[in-house]
Amino acid sequence: YGPIGKTVTKILLDNGINVNIIELNVKTAARINRNRIVCMRAVHGDASQKEILLHAGIEHAQYLIISSPVTTSEEIVEVARSLNSVIKIVVNTTYIKEKRHLEKLGANVVFSGEGSIAQLISNFMFREFETIEAEIEEEQLEE
């Protein structure tokens, strides 16, 4: 339950969406449950295990968000897809090269750290170029 998971959870809860968190760290799961936040609970365990996903309610879930780029993402996607054929699976992964493979396993959407950073840098550069272009046009008008 890291920074990405916390942010996504807050946004979902703020919009009235129930959130079940699967957390490997028993202390973190206990802390989440001690807070007794309405529409939110934590299940302690490994999300690649069928029993843990079932305990978290995967069979009725509309979405599964794998917010941490974990090495077991492939297993989680496969098991989740076998338990709920219509669930939308969103995966965060580190490397762009993992995207196609995760999609073949059943992930609907895959975000990669590499891809996201590349997109952010590109967006920044386009804004910079627009600024430079606007400055050039402004200087030409002043001449």
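**Entry 1: surface patch**

I started on the surface and picked out a nonpolar patch made of Ile117, Leu120, Ile121, Phe124, Met125, Phe126, Phe129, Ile132 and Ile136. Together these residues have about 870 Å² of accessible area. Note to self: this is a predicted model, so every entry here is about a prediction. I looked up one member of the patch, Ile117, and found it in helix H6. Ile117 has a relative accessibility of 47%, so I put it down as partly exposed, which runs from 20% to 50%.

**Entry 2: the largest pocket**

Next I went looking for open space. The largest pocket holds about 1000 Å³. I count 34 residues in its lining, and those closest to the centre are Asn20, Ile21, Ile22, Leu64 and Ile65. Which elements give two or more residues to this lining? I get helix H1 (3-14), strand S1 (19-23) and strand S3 (63-66). S1 has the largest share, with five residues. I also sorted the lining by class: 19 residues are nonpolar, 13 are polar and two are charged.

**Entry 3: the second largest pocket**

The second largest pocket comes out at about 160 Å³. I wrote down its lining in full: Ile4, Val8, Ile65, Ile66, Ser67, Val90, Val91, Asn92, Phe111, Ser112, Gly113 and Ser116. The elements giving two or more residues here are H1, S3, strand S4 (88-93), strand S5 (109-112) and helix H6 (113-142). Of these, S4 gives the most, three residues. By class I have seven nonpolar and five polar residues, with no charged ones. I note that Ile65 is in this lining and is also among the residues closest to the centre of the largest pocket. H6 turns up again too: it helps line this second pocket and it holds Ile117 of the surface patch.

**Entry 4: salt bridges**

How many salt bridges are there? I get two.

One joins the side chains of Lys10 and Asp14, with N to O at 2.7 Å. Both residues sit in helix H1, four residues apart, or about one turn of the helix. Are Lys10 and Asp14 buried or exposed? Lys10 has a relative accessible area of 51%, so I call it exposed, the cut-off being over 50%. Asp14 is at 53% and is therefore exposed as well.

The other pairs Lys99 with Glu103, where the closest N and O atoms are 2.6 Å apart. Here too the partners are four residues apart, about one turn, this time in helix H5 (residues 99-105). Lys99 has a relative accessible area of 33%, so it goes down as partly exposed. Glu103, at 31%, is also partly exposed.

**Entry 5: backbone angles**

Last, I checked phi. Most residues other than glycine have a negative phi, so I wanted the exceptions. Arg36 is one that I logged: it is not a glycine, yet its phi is positive, about 50 degrees. I traced Arg36 to the loop between helix H2 (26-34) and strand S2 (40-44). Its relative accessible area is 71%, so Arg36 counts as exposed.

Cys39 also has a positive phi without being glycine, near 75 degrees. Where is Cys39 found? I located it in the loop between H2 and S2, which is where I had placed Arg36. Cys39 has a relative accessible area of 35%, so I noted it as partly exposed.

Terms used:
Residues are numbered from 1 along each chain as its sequence is written. This is a predicted model: local features need pLDDT of at least 70, side-chain atom pairs count only at pLDDT 80 or more; totals for chains, interfaces and linings use all residues. Side-chain values use heavy atoms; hydrogens and water are left out. On a 1 Å grid over the protein atoms alone, a cavity is a set of points where a 1.4 Å probe fits but cannot get out, and a pocket is an open set with protein on both sides within 12 Å along at least five of seven lines; lining residues have an atom within 4 Å of a point. Grid points are joined across faces, edges and corners, and a volume is the space filled by probe spheres set on the points. Ala, Val, Leu, Ile, Met, Phe, Trp, Tyr, Cys and Pro count as nonpolar, Asp, Glu, Lys and Arg as charged, and the others, Gly among them, as polar. Patches are made of residues with over 30% relative accessible area and no salt bridge: like charges are joined within 9 Å, nonpolar side chains (Val, Leu, Ile, Met, Phe, Trp, Tyr) within 5 Å. Accessible areas come from the Shrake-Rupley method with a 1.4 Å probe; for residues, only the protein chains shown count as cover. A salt bridge is a side-chain nitrogen of Lys or Arg within 4 Å of a carboxyl oxygen of Asp or Glu. Buried means under 20% relative accessible area, exposed over 50%, partly exposed in between (1.4 Å probe, protein chains only).
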